[in-house]
Amino acid sequence: MKDDQQFKTPLFDAMVSLAESRKVSFHTPGHKSGKGITTRFRKFVGPKIFSIDLTTLDEIDSLQHPKGVIKASQSLAAKAYGADRSFFLVNGTTGGNHAMILSVCPPETSVLIARNAHRSIIAGLLFSGAHPVFFSPETCPDLKMQLNVSFEGTKAAIDAHPEARVLILTSPNYYGITADLPEIVAYAHEKGKIVLVDEAHGPHLHFHPALPGSAMSANADIAVQSTHKIIGGMTQASMLHAKAERIDMATLSSVLKMTQSTSPSYILMASLDLARMQMATEGKKLLKKAIRLAGDAREKINKIPGFFCFGEETLSLQKTGNWGLDVTKLTINVEQLGLTGFQVSQILNKAYQVQVEMADPFHVLVIVSIGDRQEDLDQLVQSLIEISKQHFGHLRGKARAASFVLPPFPEKTTMGPRTAFYQNKVFVDLKTAVKNTASQIVTVYPPGIPILVPGEVITREIIQYLENMILIGATVDGLDDDGKIAIVREPEYGSSASH
Ligand SMILES: Cc1ncc(COP(=O)(O)O)c(C=O)c1O
């Protein structure tokens, strides 16, 4: 049953009414409702957007001390998402991940982390000074990708580390594959752990029964979602949802006050207010269409020679865990074309004006959302048909495929991430870095999963993987402009890294 309250948009309404009152402004922002904006900018976007680019004022409340319309909007979000408190975020899920970690992971505590974490999780640990204990997601050799963590794998990690007070998961992963959150959260709680979920790719899950359940419905303690990635938030607009049972809301609020801007964008916050209203009142209908469009495209893509786009049935065949799939994500395997995902992504962009979310060595990833139309999916499918006609049968890249599989993360560390980050560092060629201690986060982007975390001893397999990824055009983040890698110059603690 729909909750009529969810049609309300208290923040947006207050912003519109303030903008229409045309009060004379002697406050920030300096463009004064657009009067000081360059003509080119105003001509392109129109004048109205500037009239709601506002700042903290009585009429429109304060994100730092919400007492009025922002408080009301955040309460509506909490209700819609099944949380006790929801917080608007203006620095994406990156900022939310930092805040959730800082609020529950004091320095020196152990934190269990599924290694498919985004770099913002590692950065949060670096800020907090907590110690990561990583465990691996399951991989699927057939699909040539990571699935997510399994219940058994997570249980084993929890049992092996009774000292860890927090468990951090990423669900769904970039490809839309979710972990078995209800089982995992229940077990973690039984063992006294707080569960934090990076749900950047799941702000829509709560609103359609054909999608995997959300982290809040699985009773996770905190979940952070990129409202901007999948539903109607403007870029950078995210939300953090929390349950009160294990989370100290006063600490969480004060961390958010310290980490968020004191000049948050009202345009971003209004987009959160409206996106929540849209999902709560018509999300099911809108998502039904997105699910249908994606399902129809998946079926057509699977008939094109050279492409394979897995669905729920493929995942249910995997014996290692109880995976869920956000079926609005289309992960298209391109291996049989003899091209890499990066190459297909470039061909789609340059020759067919189709831009995908990301590519990896084997796949391109397509996000289908409430903003897509039938003709958009038709253009994608038609482009893939053309690409297949030109490339299927060549199998150029197949022999090299094995070298692109993600290597195991290093088992040896010489010091914690924060200590390693602040050591004297030196930049060296990739090859000579083997057996040294990493001093920066190194990721292959996208999806931004850390290949190396500061403090870890660099392995030969990792260097080989990085070199291969650079060769095929992936972006490796964490190297300098000459492609050199930062290592700890003089490892401390009698490290094994001192060759
Ligand atoms: C799993 C995951 N977490 C967090 C982030 C960061 O989110 P945001 O871009 O909203 O800061 C990303 C971005 O791609 C992500 O994939």
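# A guided tour of the predicted model

Select D159 and K155 to begin: both belong to helix α7 (residues 151-160), where they stand four residues apart, about one turn of the helix. The model on display is a predicted one. Show the two side chains, and a salt bridge appears between D159 and K155, at 3.1 Å from N to O. D159 has a relative accessible area of 38% and therefore counts as partly exposed. K155, at 32% relative accessibility, is likewise partly exposed.

**Helix α11**

Next, select K300 and D296, which both lie in helix α11, four residues apart, about one turn of the helix. Their side chains meet in a salt bridge, with 3.1 Å from N to O. K300 is partly exposed at 35% relative accessibility, and D296 is partly exposed at 27%.

**A salt bridge between two loops**

The structure holds 15 salt bridges. For another of them, select E59 and K23, whose closest N and O atoms are 2.7 Å apart. E59 lies in the loop between α3 (48-51) and α4 (69-81), and K23 in the loop between α1 (10-21) and α2, so this pair ties together parts that are 36 residues apart in sequence. E59 is partly exposed, with 35% relative accessibility, whereas K23 is exposed, with a relative accessible area of 55%. Then select D221, E245 and R246, which are linked in a network of salt bridges. In general, side chains of opposite charge can pair when their charged atoms come close.

**The ligand and its surroundings**

Now select the ligand. Which residues are closest to the ligand? Among the 14 residues that surround it, the closest are T93, T94, D198, H201 and H228.

Display the side chains of H201, S226 and H228 in turn. In H201, a polar side-chain atom lies 2.7 Å from an oxygen atom of the ligand. In S226, an N or O atom of the side chain is 2.9 Å from an oxygen atom of the ligand. In H228, the corresponding distance from a side-chain N or O atom to an oxygen atom of the ligand is 2.7 Å. On its own, the ligand has 400 Å² of accessible area, and the protein covers 89% of this.

Color the shell by element. Two elements, α5 (92-104) and α9 (227-230), give two or more residues to the shell around the ligand. The largest share, four residues, comes from α5. Colored by class, the shell shows two nonpolar, 10 polar and two charged residues.

**A nonpolar patch on the surface**

Switch to a surface view and select F41, F44, V45 and I49. These residues make a nonpolar surface patch of about 410 Å². Helix α2 (residues 39-45) gives the largest share of the patch, three residues. F41 has its place in helix α2, and its relative accessibility of 43% makes it partly exposed.

**Helix α10 and the loop after it**

Select K257, in helix α10 (residues 249-259). K257 is partly exposed, with a relative accessible area of 34%. Add A99 to the selection: K257 and A99 are 158 residues apart in sequence, and 9.4 Å separates them in space, C-alpha to C-alpha.

Finish at S261, in the loop between α10 and α11 (266-301). The relative accessible area of S261 is 34%, so S261 counts as partly exposed. Its side chain reaches the backbone nitrogen of S263 at 2.8 Å. Select G295 as well: S261 and G295 are 34 residues apart in sequence and 40 Å apart in space, C-alpha to C-alpha.

Methods:
Residues are numbered from 1 along each chain as its sequence is written. This is a predicted model: local features need pLDDT of at least 70, side-chain atom pairs count only at pLDDT 80 or more; totals for chains, interfaces and linings use all residues. Side-chain values use heavy atoms; hydrogens and water are left out. A residue is near a molecule or strand if one of its heavy atoms lies within 4 Å of it. A polar contact is a pair of N or O atoms within 3.5 Å; within protein, one must be able to donate a hydrogen and the other to accept it, and residues adjacent in sequence count only if both atoms are side-chain atoms. Accessible areas come from the Shrake-Rupley method with a 1.4 Å probe; for residues, only the protein chains shown count as cover. Ala, Val, Leu, Ile, Met, Phe, Trp, Tyr, Cys and Pro count as nonpolar, Asp, Glu, Lys and Arg as charged, and the others, Gly among them, as polar. Patches are made of residues with over 30% relative accessible area and no salt bridge: like charges are joined within 9 Å, nonpolar side chains (Val, Leu, Ile, Met, Phe, Trp, Tyr) within 5 Å. A salt bridge is a side-chain nitrogen of Lys or Arg within 4 Å of a carboxyl oxygen of Asp or Glu. Buried means under 20% relative accessible area, exposed over 50%, partly exposed in between (1.4 Å probe, protein chains only).
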